[in-house]
Amino acid sequence: MGVTLDDILVQGLQMLLVFTLAPLLTGFIRKVKARLMRKRGPSLLQPYRDLLRLLRKDVVLADNASWLFRATPYVTFAAIWVAAALVPTFATGLLFNWMADLIVIVALLGTARFFLALAGMDVGTAFGGLGSSREVMIAALAEPAMLLIVFCVALVAGSSQLSTIANFIASAQVGLRVSLGLAMIALIMVALAENARIPVDNPSTHLELTMVHEAMILEYSGRHLALIEFGAFLKLLLYVSLLACLFFPWGIAVSGAGLQSYVVGTAVYVVKLAAVGFLLALFETATAKMRVFRVPQFLGAALMLGLLGTLLLFVSKSL
Amino acid sequence: MMSAAALQLSYVGALLAVSVLAVVLARWRIGNAVIYGATLLLCSAAGLGVLRALIGDGAAVERLVLPIGLPWLGAHFRLDALSAFFLVVINLGGALASLYALGYGRHEHAPQRVLPFFPAFLAGMNMVLLADDAFSYLLSWEFMSLASWALVMAHHRQSGNAQAGYVYLVMASFGTLALLLAFGFLAGPAGDYGFDAIRAAPHSGAAATLVLVLMLLGAGSKAGLVPLHVWLPLAHPAAPSHVSALMSGVMTKVAIYGFIRVVFDLLGRPDWTASVVVLSLGGVTAVMGILYALMERDLKRLLAYSTIENVGIIFVGLGLALAFQANGQGLPAALAFTAALFHILNHSLFKSLLFFGAGAVLVATGERNMDRLGGLIHRMPATSIVFLIGAVAISALPPFNGFVSEWLTFQAVLQSPQLPQWGLKIMVPAIGGMLALAAALAAACFVKAYGASFLSRPRSPAAENAQEVDRFSIAAMAILALLCLLAGVFPGLVMDALAPVSAEILHIRLAGQTELPWLSIVPIDLRKGSYNGLLVLAFIAISATLGFLAILRLSPHAVRRAPAWGCGFAEPVPQAQYSPDSFAQPIRRVFGTLLFRARDHVTMPPPGSVAPAKFSAELHDLVWENLYGRIAAIIEAVSTRLNNMQLLSIRGYLSLVFATLVALLVVIAIWA
């Protein structure tokens, strides 16, 4: 656990990178979606402008909003940012990767969600309660699926630490594995649910009766809303990075490998983001949102895939 | 200089003396302060004394024999690392409950029904932990049960409490019966009831299995394992809140102590099949407990059901330890065992905190029903902060303590591929999934509990006019909240303090954690997984502060207050907001349709009618209806039949006596 300047540099760059790229990823997905619908779509930089616009606006608080309502945006943003900074993006071997493994990252997102759900209940409107209650229902289904995915991946790599897993899977000895494929599909399903994407929730509306996330944060405005939106961008980037680092770690630099491989790693990472973002946009355009009470079946399938992947590993270590 | 065991026993004696004193003092106003002050001092002294022994040198085992009890046996007492750890948990809970009661107890309208039994209850729990022979163990166990029963019946005129006391009494007797039989099998035909003799004797085959089953019935019913849990959500909330905290946070741990003492210590090494039973019971208990809690709208009953969930998590840890131990895998076994012990400590901390909070809400509003609470965060600022900490901690969220023990349990689950048995290999990941489900549902449950009682708009005038509670109560809750944070941020210290226990019971300890840099915890191997609560907390704090400062510069605008937006639809009455029941509706629909046969009924008036629409939710407690309902029906039927026996003639009775005599003689003839 010796600390070198290189480690600090890599860790700092990661934190900065996720911070700057997160709105861009969302902007990119929106752009692709618009183009797929034969619309021109807003500029790639629109999410940044949205955040600045929100920052410049007044905060309008409900009369009976408590201190918890005002503290929640900061807490959720911090928890998600810390979680996002712990996922290797362009290089493994982060300075603080021993601080938290995959389970801790999932739990940090849980902390963020816990406070958001509480804030949804704070003002005491029907929309907030509706959003919170559905959000925790979806989380209750997504978390066991996520744990089984962690279990499956940790079984292959012999560790629940992300850097170790990424290094192991990037090595030549792994090859194609059925169980990892199953885990990947399950993780994509969980990621769709956790990020309130179609088909579980629709991120671009808050005037639908089936909405979840947007209903929960309906009372937020101004800088508070900006932080929550930013948190959502970061969370999407986190899941995409997680997919990339767990299942496609090729090209990722090893900490201490020198500047050149960092540059390559960053370039590869951006390409991966763009690829996953494009696929996500394609998928969202091609599918319709499902009813809220179909979500349990959707996430139940993810759970079963995770379990199946784990059990396959018991049958044969090479599956 | 007295030995440590003798010192602990003298505290027990002092508690009993306080109990007698309380009978006299309860009539006066000063009684409250004197009695709770005395129990506070005695529990602190007892807890700190053993804590020093546990951290200093846990290996020392001290024995003491008193010439009381059975004449040929005497009363054996023993203080070792396992009982020392539980003594710390119990006396910490006892001391803080006493501190809380210094304020809370002043609102008690019948102090003479609470004060004498409170010290007795504490003394009983302490004695169970010190007992070193079956007789004094069972005697102390019964003493503890009866004292707590008296406390449950303190407010016996309130509706439901008498029934709760009755069910508790029946289940406690059943549990003791199971324990009695278990010790009978352990002692064997020779009948030596000292724990040393039991430990030395070999146990195997059918007798060992029977002992395990009986312990699961006896200790499990006290701890609240599903389906033996039915008394718990009735009895725990019925007692005054500080006693509820003790019963939920501490007494369930005494039951778990009994299980560990017998199954891990006295019985030797059970077969791996035993772990399958314990694991599945634990998993089912965890999920069912929290689902019951989610369906509840009474705050204290919700907390009692959540105790059942946590007991399930602890039993999963113990089951994993059994599985690894049966296969001779020492380190993973020590990890799972440490996780279980850590969760025992954690649960005693946050469950006491939450019950104290519920008690504070009860004092402030007179309400336990969350349908009539709301908005307390504005009127009870201190209570709302500490209750929030308890809610975050129990929902297993970092950086608090609940997460650490949950994480350790998951780390133990991740070790399961090393197990050779296929049954376990397939089962343990599924149990891990159930644990994750229970954790996520716990978060949902406490969002509901906190959201409905502390957030949202007040749903009744009582909630609207609530006042913050007294300083003693807040101090007790604040200490617990601080301990929850400290145990979450410095988990290595706790794990090192638990090492002597695992060394004593499993003969292997985890590597020391406090020497590691940055105060990380690394249970097995750095490459396999590590966690650092301190850094997680520091990073969250730093990034939140950075975010706050940046925002302050970028967006200095003032905050404007306005009516709630709600998409333009202002709801005039507070009843229109989301209620606890409506919050649980999605989960009720997803899980409850099968497990509780939940049905929503909506009656819509015909078009044009001005009659109100009606909605009702139907729930069934299938365990209660199918298992206990059937048993009750059978007992009813049998006793109705046997009723005829009361009306026999003298000839009838004489021939019955004769037949019994003959039957017994035949039995003896066959036996001999």
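1. Let's start with how chain B folds back on itself: residues 24 or more positions apart account for 79% of its contacts with a separation of 6 or more. Keep in mind as you read on that this is a predicted model.

2. What does the secondary structure of chain B come to? You'll find 24 helices and five strands there. The radius of gyration is 26 Å, close to the 26 Å that the globule rule gives for 672 residues, so chain B is as compact as a globular protein of that length. If you'd like outer dimensions as well, the C-alpha atoms of chain B fill a box of roughly 90 × 70 × 60 Å along the principal axes.

3. Now for inside and outside. Of the 672 residues in chain B, 58% are buried. The chain exposes about 26,100 Å², and carbon and sulfur atoms supply 69% of that area. As for charge, chain B has 39 positive and 31 negative charges, and the mean positions of the two sets are 7 Å apart.

4. A residue worth clicking on is F410(B), which sits in helix α16 of chain B, residues 401–414. Is F410(B) buried or exposed? With a relative accessible area of 7%, F410(B) is buried. Which residues does F410(B) touch, leaving aside its neighbours within four places in sequence? In chain A the partners are I103(A) and L147(A), and in chain B they are G432(B), L435(B) and A436(B). Take A436(B): it lies 26 residues from F410(B) in sequence, and the two C-alpha atoms are 8.9 Å apart.

5. Next, the cysteines. How many disulfides are there over all chains? The count comes to zero. C43(B), for instance, is in no disulfide, and the nearest cysteine sulfur, that of C484(B), is 19 Å away. Why is C445(B) without a bond to C484(B)? The sulfur of C484(B) is the closest cysteine sulfur to that of C445(B), but at 16 Å it is too far for a bond, because a disulfide needs the two sulfur atoms within 2.5 Å. Both C43(B) and C445(B) are tucked away from the surface: C43(B) counts as buried at 1% relative accessibility, and C445(B) is buried at 0%.

6. Finally, a quick look at chain A. A191(A) has its place in helix α7, residues 178–194. Why does A191(A) count as buried? Its relative accessibility is 9%, and buried means under 20%. For a sense of distance, A191(A) and Q14(A) are 177 residues apart along the chain, with 21 Å between their C-alpha atoms.

Key:
Residues numbered from 1 in each chain as written. Chains lettered and ligands numbered in written order. Predicted model: local features only at pLDDT ≥ 70, side-chain atom pairs only at ≥ 80, totals over all residues. Heavy atoms only, no water. Helix = DSSP H or I, 4+ residues; strand = E, 2+ residues; numbered from the N terminus. Buried < 20%, exposed > 50% of the residue type's maximum accessible area, 1.4 Å probe, protein only. Rg over C-alpha atoms; globule rule 2.2 N^0.38 Å. Contact = heavy atoms within 4.5 Å. Areas by Shrake-Rupley, 256 points an atom, 1.4 Å probe, with all protein chains shown as cover. Lys, Arg positive; Asp, Glu negative; His and termini not counted. Charge placed at Lys NZ, Arg CZ, Asp CG, Glu CD.
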